[in-house]
Amino acid sequence: MLISALLTEIPVYYYVVISAILFAFGLFAVITRRNAVVALMGVELMLNAANINLVAFSQYDKALLSGQMTAIFVIALAAAEAAVGLAIVLNIYDRYRTVNLDEIDTMKE
């Protein structure tokens, strides 16, 4: 009850601004960094930014829990994505001894 009351007192644009900042950090990490692990972390940041928006906007429709349910689905999807992504990174490291995305270009040939 207390958390729900607190969430409704905070204006929604605060959530949108925080979400946009998180999304920008994630996008910056994906675009500029060449480390595969950092790129995965950037994708996770972007997914969590979307989750903040989903939960924040769902506070205005209390009858439906679609925002929270979608956020839980996205969290499960992000966990699976992280597991598969880290497995791919480990296999790449085993083969090439690097996780630098610029140096892993043999699939292009």
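At 37% relative accessibility, R34 counts as partly exposed, a class that runs between buried (under 20% relative accessible area) and exposed (over 50%), judged with a 1.4 Å probe and protein chains only. R34 forms a salt bridge with D102, and the closest N and O atoms of the pair are 3.5 Å apart. The term salt bridge stands here for a side-chain nitrogen of Lys or Arg within 4 Å of a carboxyl oxygen of Asp or Glu. This pair links distant parts of the chain: R34 sits in the loop between helix 2 and helix 3, D102 in the segment after helix 4, and 68 residues separate them. D102 is likewise partly exposed, at 49% relative accessibility. Side chains of opposite charge can pair when their charged atoms come close. In the whole structure, the search finds one salt bridge.

The structure is a predicted model, in which local features need pLDDT of at least 70 and side-chain atom pairs count only at pLDDT 80 or more, while totals for chains, interfaces and linings use all residues. Residues are numbered from 1 along each chain as its sequence is written, and side-chain values use heavy atoms, with hydrogens and water left out. The average pLDDT (the predictor's confidence in each residue, from 0 to 100) is 86 for the chain, and 90% of the residues score at least 70. Confidence is lowest in helix 1 (residues 2–9), with a mean of 67, and highest in helix 2 (residues 12–32), with 94.

As for the overall fold, the chain contains four helices and zero strands. Both are DSSP runs numbered from the N terminus, helices being H or I with at least four residues and strands E with at least two. Of the 109 residues in the chain, 21% are buried. Contacts (heavy atoms within 4.5 Å) often reach far along the sequence: among those with a separation of 6 or more, 58% join residues 24 or more positions apart. One example of parts that come together in space is A50 and S19, 31 residues apart along the chain, whose C-alpha atoms are separated by 6.9 Å. A50 lies in helix 3 and is partly exposed, with a relative accessible area of 35%.

Helix 4 (residues 66–96) has 31 residues and should span 45 Å at 1.5 Å a residue; its end C-alpha atoms are 44 Å apart, which agrees. The expected span is 1.5 Å times one less than the number of residues. Within helix 4, the buried residues include G67, A71, V74, A78, G85 and V89, and helix 3 (36–58) is part of what covers them. Just after helix 4 comes R97, which takes a positive phi of about 60° although it is not a glycine. Most residues other than glycine have a negative phi. R97 is exposed, with a relative accessible area of 56%.

Turning to the surface, the chain exposes about 7800 Å², of which carbon and sulfur atoms supply 73%. V17, I21, F25 and L45 make a nonpolar surface patch of about 340 Å². The largest share of this patch, three residues, comes from helix 2, whereas L45 lies in helix 3.

Notes: Areas by Shrake-Rupley, 256 points an atom, 1.4 Å probe, with all protein chains shown as cover. Patch = residues over 30% accessible without salt bridge, like charges linked within 9 Å, V, L, I, M, F, W, Y side chains within 5 Å.
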